[in-house]
Amino acid sequence: MTTTSRHTEPAGGRRALRREVPSTAAVLADEQDFAAMRRYRTFPFDDYGGYLRQLETLLRTLAAQGVPTTLTLFDPAAYEEYCADLALDPDRPESRTRYTTETACAGATLPYGGEPLTELLPPLVEAADRRATWEYANTLLSRAGHCEECGADLAHTAFTRATQALRQLLEALGDGTHHLVCSVPAGERSLLAVLHTTVEGGRRRLSESESLVFCTVLATGIALRTPGGIVSRTSTSTSADTDTGTSGARDTVRGWSLRDSWLRALTAAEVFTAYCTDPGTGDPVPPEPGVDHAPGLTLTPPPDDHRHR
């Protein structure tokens, strides 16, 4: 008679437990990153398309088994620095695994739900860019220090002011689909934050992560008293075309400059000049059809307790 130890776990139990142990996959964002990894002998792929197909097959297999998987980006430059700091051989699979586990998965991530990787990569790259912008802006904000006269935390004060400015701005823009861009020059690089929101009947739908980064970038400009600005592009439906029976849409562009720790409305002419000028060359750019250039809306600044700085 054969007996089985009561401590022996059935295979079904292990499979059930496997579904409760999440996985993380780090993916190379583009051909350039892929080329950087090809120099390693143990990197077993010859072309980027084949690499994505094989990774997608693996992800779908894990999904079919009920294993929750999170995607993150694999940064070859950061990986090289990581290996150098820890005296690891970068040409070893276990080094890549350790990097993914300890470093890459601490960055921007997206859950994998069976979508093609070509659809997931753009939002993953956007999420990584937002996180990098937020981290850099926070680093700059941390240097703002405290008010010499009252001891107030200038970073906290600036963030509160930025939040008030965004709230006023969205209220002033009203209903519609709004695309806002905030840009602030900051040393060797410029900070750029994008916010998408839809307002219907005064109710707003917006991303919490986008709002956080947007306010942090604006707060950086306020705290450091650097120039900067915001451009909004609002889309609203127009009445149906009587000839075609289809509805059209017009976009309205407005702008504000950051001066004296607040957003000052630009004139329609200033908005046109800013929006129809190539930022790299300074050459004029033809205006887009169906786009109106309107003056910025006046926003009421709250009291500034630190104008003495």
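1. Helix α6 spans residues 117–142 in this predicted model. Glu135 and Arg131 both belong to α6 and sit four residues apart, about one turn of the helix. Their side chains meet in a salt bridge, with an N to O distance of 3.3 Å. Both partners are partly exposed: Glu135 has a relative accessibility of 39%, and Arg131 has 33%. An α-helix has 3.6 residues a turn, so residues three or four places apart point the same way.

2. Helix α3 (residues 48–64) holds a pair with this spacing, Glu56 and Arg60, four residues apart and about one turn of the helix. The salt bridge between the side chains of Glu56 and Arg60 has an N to O distance of 3.1 Å. Here the two ends are not classed alike. Glu56 counts as buried because its relative accessibility of 16% is under the 20% cut-off. Arg60, at 43%, counts as partly exposed.

3. A further salt bridge joins the side chains of Arg38 and Asp46, at 3.8 Å from N to O. Arg38 is partly exposed, with a relative accessible area of 44%. Asp46 is exposed, and its relative accessible area is 61%. The salt bridges in the model come to eleven. Among the residues involved, Arg233, Asp251 and Glu288 are linked in a network.

4. Arg233 also appears among the contacts of His178, a residue of strand β4 (residues 176–186). His178 counts as buried, at 1% relative accessibility. The side chain of His178 makes a polar contact of 2.8 Å with the side chain of Thr234. Leaving aside residues up to four places away in sequence, His178 touches Leu173, Leu195, His196, Thr197, Val199, Arg233 and Thr234.

5. Helix α4 covers residues 76–85, and its buried residues are Pro76, Tyr79, Tyr82 and Cys83. Viewed down the axis of α4, these buried residues fall within an arc of 115°, so they line one face of the helix. The face of α4 turned away from the buried side carries the exposed residues Glu81, Ala84 and Asp85. Which helices do the buried residues of α4 pack against? They pack against α2 (31–37) and α5 (93–102).

6. Two residues can be noted at the ends of α4. Asp75 caps the N-terminal end, with a side-chain oxygen 3.0 Å from the backbone nitrogen of Ala77. After α4 comes Ala87, whose phi is positive, near 55°.

7. In α5, the buried residues are Ser95, Arg96, Tyr99 and Thr100. Seen down the axis of α5, they fall within an arc of 135°, so they line one face of the helix. The buried residues of α5 pack against strand β1 (23–27) and against helices α2 and α4. The packing between α4 and α5 is thus listed from both sides: the buried residues of α4 pack against α5, and those of α5 pack against α4. Helix α2 is a partner of the buried residues of α4 and also of the buried residues of α5.

How values were computed:
Residues numbered from 1 in each chain as written. Predicted model: local features only at pLDDT ≥ 70, side-chain atom pairs only at ≥ 80, totals over all residues. Heavy atoms only, no water. Buried < 20%, exposed > 50% of the residue type's maximum accessible area, 1.4 Å probe, protein only. Arc of directions from axis to C-beta. Contact = heavy atoms within 4.5 Å. Polar contact = N/O pair within 3.5 Å; in protein donor to acceptor, adjacent residues only side chain to side chain. Salt bridge = Lys/Arg side-chain N within 4 Å of Asp/Glu carboxyl O.
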